[in-house]
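Dear colleague,

Please find the structure below, together with its sequence. A summary of the findings follows.

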Amino acid sequence: MNRKYANEEVDVVIVGAGAAGGVLAKELSESGMSVVVLDAGPMWDPQHDFASDELSMQRLGWEETRLVDGRDPLTMGHNNSGRGIGGGTTHFTGVFLRFHDADFRARTLDGVADDWPIGYDDLAPYYDKIEKEIAVSGPKHFPWGNFHGPYLYPERDPLSPNAYVFQKGCEALGIRHVVAPLAILSAPFEDRPPCINRGFCNQGCMPNAKFSTLIVHIPKAMRAGAEVLPNCMVTQVMTDKHGRASGVTFVHEGKEYVQKARLVILSAYVVETPRLLLNSANGRYPSGLANSSGWVGRGFMTHSSHDVYAKFAEEVRLYKGTPVLATTQDFYETMPDAGFVRGYTLHAHGARPLAFVKGIANSQTGLLWGEKLRQTALDYNFYGRVTMVGEVLPHPDNRITLADEKDDLGLPRAKVTFSFGENDRRLIDHAVVKMGQILEAAGGKVEFVVPDTAHLMGGCRMGANPDESVVNSYGQTHDIPNLFICDASIFVTSGAGNPTNTVMALAARTADYIRKQAAQLFSLSEKPIHV
Amino acid sequence: MSKTTHYPSYDVMSHAEHWDDHTQHIVTSRLIREKSYSFLTTVEAEILRAWCSKLVGDMRGEIIQYVLCHIDQTLSDGRGEGQRKPDVAPAPELIRKGLKAIDATCQSLHAKHFFELEDYMQQGLMKDISEGSAEPASIWASVPQQDLFKKLLNYTLEAYYSHPTVWSEIGYAGPAYPRGYIRARAGQWDAWEARLENES
Ligand SMILES: Cc1cc2nc3c(=O)[nH]c(=O)nc-3n(C[C@H](O)[C@H](O)[C@H](O)COP(=O)(O)OP(=O)(O)OC[C@H]3O[C@@H](n4cnc5c(N)ncnc54)[C@H](O)[C@@H]3O)c2cc1C
Ligand code: SF4
């Protein structure tokens, strides 16, 4: 392997080049630090590796087997984890929302979950920065939450046929709706073209109209001197005799390497970050690194993401256009008398044939196959769809642990145990009724309700109290001050909207902190620590 | 009578020249299938041929052959499954044991292979397995029936609904790079999309 920093101790090693890792790599290398970024997957070339094809693009996801358990075992793989430079951002749908003030204060407002140690205002400047950096397109006025626009780039136009259906249904019911804020260009920006409504955002955008850290942050980091190494699976975080992080070991093409660093940042997402911490257990840290609280892997969350399909007399054609173009957050925050707390976002959501067929074959009413499935699928073009993004409350028993079974590298596989709680279920029921009402108000007839989940968060939550959390609000682990975690795993609650804007804003904030504290952080290395 | 398609004269492949090379290559290769398998034995492949065509309600040889090749490749190339329940065997083992159990069941009840049974018998056994109620217990004790059924359904659907002939039938206009879709309002179609044809 051709290396720049092979035998050197660098300032920072970042594990994972996804949404968070990409931002950190850019910010820290541009501030003059020596940075190595390691990602388990390949360096994708959008024009040659991506295709307009659902089946072959499943490999953008993390296909490596995880064991899933609990009352509601999760679908993993392409459904939530990215793999390769760009991570989840290569195949995310591009919906780019901010959390609301209420998302940071669940305990105070509703007596559930926990408050974050930061509030909306702490993240606001970083949301601004990230949105500007990637030219988010969106409405002039966004009616909900704390940020009301205008977005940097105008809202998308035209929308998709399914988005117009959604708008019609919302209008009829008096539900407010907007064109979704998207990390997708509505006009040229830097050297990238606007979206051509090809509809494959979550199979990798070929024209580069959709932002990903693969095409935006990583190239900038490399220009600033960062060494970015694809196909390198990190297997362990090393610690020195003082108990501090000293670097990582990784495997490339079957061979093991070491990268020493003064600061280690894990950005490997909600399953792999806890897995790595647990797998790095040693004599000094027998229950895994940064785990003196016992919270590593605990309290991870997903979003409930049921889909409702309705059949229309006229064609809708779900394959056309960016999948999500119309949105409402009218049900985002706790509604009096609803019988549950917190809320959800609703999106008009397109679907290409595989997603459609796999969905309806596994709907709430049971398995659909054979002649009946074929007949239904022949009417594919007559279906419209709405999807929810529902808040799921954290529970300590929903957790990532190590399984007995090993993977090809000899590492214990991750075990992902998940069950919905009572509040989560009531929230889903409410949303499913609303989605049906919208589709029927637009002239459709509800035929399938498909249970699903999306987006993982938590598992290494942040907090002020080291006994009940893994990191502080900057992602710095309470136990090992030169070990940081910065990805969706540090979320305290899941909020009721798509999370990646928040993942990236947190990463920008962490980068700022590391930059300001650099002298102090780097001088730590010789002092012992006590856990 | 059951319908076959709303778009009888539509052929998505007639637009293939407008797709990027990479996509063209991937989709076109689905039309040419070779019949050598790296994982499946002949008997397994024949059970699956009957099974998969029943799953999708379609007997057309070339399409089902692509489905079999997709399953064979998925089981042999060592990729992960995304997720698996702790009490379920890895896919290659699950499917091998499952097909063996299907064959044993058919042999013990009718002294025939699955693919030699009458339609209604095949259908009946599939339904039982999909509900987890196939007997005898001695054969099925170590095979989680519903997991087996769902795994095969998933593999079959992802291949079947990636076949361009099926795309044409359901009126999916397919890959759209580099040209993209522009006409998005109700009743608008881009030039290469399928148009509803009168069904009388
Ligand atoms: C189909 C789909 C659609 C989505 N749509 C949206 C959307 O519209 N809006 C939204 O806000 N969010 C969306 N998301 C969620 C979004 O993808 C995630 O929130 C985001 O990518 C999380 O960022 P991250 O930095 O935490 O992890 P990731 O972006 O997943 O990055 C983690 C990286 O770490 C690497 N890695 C893991 N383990 C190791 C290891 N041991 N060694 C080296 N590298 C490792 C992985 O290869 C990966 O590249 C979607 C997700 C999916 C799956
Ligand atoms: S719809 Fe737009 S953003 Fe999505 S893949 Fe196509 S061009 Fe890219």
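What is the mean pLDDT of chain B, and what percentage of its residues reach 70 or more? The model is a predicted one, and the mean pLDDT of chain B is 94, with 98% of its residues at 70 or more. For the complex, the predictor gives an ipTM of 0.96 and a pTM of 0.97.

**Chain B**

Chain B contains eight helices and one strand. Their order along the sequence is α-α-α-β-α-α-α-α-α. The C-alpha trace of chain B spans about 60 × 40 × 30 Å along its principal axes.

Helix 2 of chain B takes part in two of the helix contacts described here. The first is with helix 7 of chain B: helix 2 covers residues 42-56, helix 7 covers residues 145-160, and their axes come within 10 Å and cross at roughly 75 degrees. Angles of 65 to 115 degrees count as roughly perpendicular, and helix 2 and helix 7 of chain B are therefore roughly perpendicular to each other. From helix 2 of chain B, the residues in this contact are Leu48(B), Trp51(B), Cys52(B), Leu55(B) and Val56(B); they meet Phe149(B), Leu152(B), Leu153(B), Thr156(B), Leu157(B) and Tyr160(B) of helix 7 of chain B. The residues of this contact comprise 10 nonpolar, one polar and no charged.

The second contact is with helix 5 of chain B, residues 119-131, where the axes come within 11 Å and cross at roughly 80 degrees. Helix 2 and helix 5 of chain B are therefore also roughly perpendicular to each other. Here helix 2 of chain B contributes Ala50(B), Trp51(B), Lys54(B) and Leu55(B), while helix 5 of chain B contributes Asp119(B), Gln122(B), Gln123(B), Met126(B) and Ile129(B). By class, there are five nonpolar, two polar and two charged residues in the contact of helix 2 with helix 5 of chain B. Trp51(B) and Leu55(B) appear in both contacts of helix 2 of chain B.

A cis peptide bond runs from Tyr177(B) to Pro178(B), with omega near 10 degrees. Pro178(B) lies in the segment after helix 8 (164-170) of chain B.

**Chain A**

In chain A, the axes of helix 4 and helix 11 (residues 500-523) come within 8 Å and cross at roughly 105 degrees. Helix 4 and helix 11 of chain A are therefore roughly perpendicular to each other. Among the residues that meet are Tyr126(A), Tyr127(A) and Lys129(A) of helix 4 of chain A, and Met504(A), Arg509(A) and Asp512(A) of helix 11 of chain A. This contact of helix 4 with helix 11 of chain A has eight nonpolar, two polar and five charged residues.

Two backbone features of chain A deserve a note. Gly149(A) and Pro150(A) are joined by a cis peptide bond, with omega about -5 degrees; Pro150(A) is in the loop between helix 4 (120-133) and helix 5 (161-173) of chain A. Ala290(A), a residue other than glycine, has a positive phi near 60 degrees, and lies in the loop between helix 7 (269-279) and strand 9 (298-304) of chain A.

**Ligand 1**

Ligand 1 is surrounded by 38 residues, the closest being Ala20(A), Asp39(A), Val95(A), Val234(A) and Thr500(A). Val234(A) also places a backbone N or O atom 2.9 Å from a nitrogen atom of ligand 1. Polar backbone atoms of Gly88(A) and of Ala488(A) are each 2.9 Å from an oxygen atom of ligand 1.

With kind regards

Conventions:
Residues are numbered from 1 along each chain as its sequence is written. Chains are lettered from A and ligands numbered from 1 in the order in which they are written. This is a predicted model: local features need pLDDT of at least 70, side-chain atom pairs count only at pLDDT 80 or more; totals for chains, interfaces and linings use all residues. Side-chain values use heavy atoms; hydrogens and water are left out. Axes are lines fitted to C-alpha atoms, for helices over the stretch in contact, and angles run from 0 to 180 degrees between N-to-C directions. Helices (H or I, at least four residues) and strands (E, at least two) are DSSP runs, numbered from the N terminus. Angles under 35 degrees count as roughly parallel, over 145 as roughly antiparallel, 65 to 115 as roughly perpendicular and the rest as oblique. Contact means heavy atoms within 4.5 Å. Ala, Val, Leu, Ile, Met, Phe, Trp, Tyr, Cys and Pro count as nonpolar, Asp, Glu, Lys and Arg as charged, and the others, Gly among them, as polar. pLDDT is the predictor's confidence in each residue, from 0 to 100. A residue is near a molecule or strand if one of its heavy atoms lies within 4 Å of it. A polar contact is a pair of N or O atoms within 3.5 Å; within protein, one must be able to donate a hydrogen and the other to accept it, and residues adjacent in sequence count only if both atoms are side-chain atoms.
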